[in-house]
Amino acid sequence: MQVTFQGYVLNSEEANYLPAQDQIVLPGHTTIVGDGLALEGARMEVEMEAKKMRLLQAVKTKIEPEKLAKKKNNTSSKPQIGG
């Protein structure tokens, strides 16, 4: 199954929503892919309200700094509205 969260694509065989904690738990092998960042590991928790993702076991990370910098520059160049 595949879930999109905060611009990242999460892939896992299983995902369980825990309404009391407003949390999604992916108990098995999970991959997360976004611009300039790829993670894999086991047992992932996604806190919906806090907008946090946490991989708990066997974590591997691949970072592509040039892609992250490009993404950061694209979002920071947008004009702010309000004040």
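**Exercise 1. In this predicted model, decide whether Glu47 is buried, partly exposed or exposed, and find its salt-bridge partner.**

Step 1. Start with the accessibility. Glu47 has a relative accessibility of 23%. Buried means under 20% and exposed means over 50%, so Glu47 counts as partly exposed.

Step 2. Now look for a partner of opposite charge. The side chain of Glu47 meets that of Arg54 in a salt bridge, with 2.6 Å from N to O.

Step 3. Give Arg54 the same check. Its relative accessibility is 32%, so Arg54 counts as partly exposed.

**Exercise 2. Which residues are joined with Glu47 into one network of salt bridges, and how many salt bridges does the structure hold?**

Step 1. Begin with the total: the structure holds 4 salt bridges.

Step 2. Visit another pair. Arg43 and Glu45 meet through their side chains at 3.5 Å, N to O. Arg43 is partly exposed because its relative accessibility is 30%, whereas Glu45 is buried because its relative accessible area is 13%.

Step 3. Then look at Lys67 and Glu64, whose closest N and O atoms are 3.5 Å apart in a salt bridge. Lys67 counts as partly exposed at 43%, and Glu64 does too at 24%.

Step 4. Put the network together. Arg43, Glu45, Glu47 and Arg54 are linked by salt bridges that share partners.

**Exercise 3. Where does Gln23 sit, and which residues does it contact beyond its sequence neighbours?**

Step 1. Find the strand. Gln23 belongs to β4, which covers residues 23-34.

Step 2. Check the burial. The relative accessibility of Gln23 is 11%, so this residue counts as buried.

Step 3. Look around it. Setting aside neighbours within four places in sequence, Gln23 has contacts that include Asn16, Tyr17 and Leu18, as well as Glu45, Glu47 and Arg54. You have already met Glu47 and Arg54 as a salt-bridge pair.

Step 4. Look across to the paired strand. Leu18 stands opposite Gln23.

**Exercise 4. How many bridges join β4 to β2, to β3 and to β5, and which way do the pairs run?**

Step 1. Take β2 and β4: they run antiparallel, joined by 4 bridges. Here Asn11 stands opposite Thr31 of β4.

Step 2. Take β3, residues 16-18: 3 bridges join it to β4, and the two run antiparallel. These strands form a hairpin with 4 residues between them, and Asp22 in the turn has a positive phi of about 50°.

Step 3. Take β5: 10 bridges join it to β4, again in an antiparallel pair. Thr30 has Gly41 as its bridge partner in β5. The β4 and β5 hairpin leaves 2 residues between the strands, and Gly36 has a positive phi near 80°.

**Exercise 5. Which residues make up the largest nonpolar core, and which strands each supply at least two of them?**

Step 1. List the members. The 10 residues are Phe5, Tyr8, Leu10, Ile24, Leu26, Ile32, Leu37, Met44, Val46 and Leu55.

Step 2. Name the strands. At least two residues of this core come from each of β2 (8-12), β4 and β5 (37-47).

Step 3. Zoom in on one member, Leu10. Not counting residues up to four places away in sequence, Leu10 touches residues including Phe5, Leu26, Ile32, Met44 and Val46. Those five also appear in the list of core members.

Definitions and conventions
Residues numbered from 1 in each chain as written. Predicted model: local features only at pLDDT ≥ 70, side-chain atom pairs only at ≥ 80, totals over all residues. Heavy atoms only, no water. Buried < 20%, exposed > 50% of the residue type's maximum accessible area, 1.4 Å probe, protein only. Contact = heavy atoms within 4.5 Å. Core = buried A, V, L, I, M, F, W, Y, C linked by side-chain atoms within 4.5 Å. Pairing = 2+ DSSP bridges.
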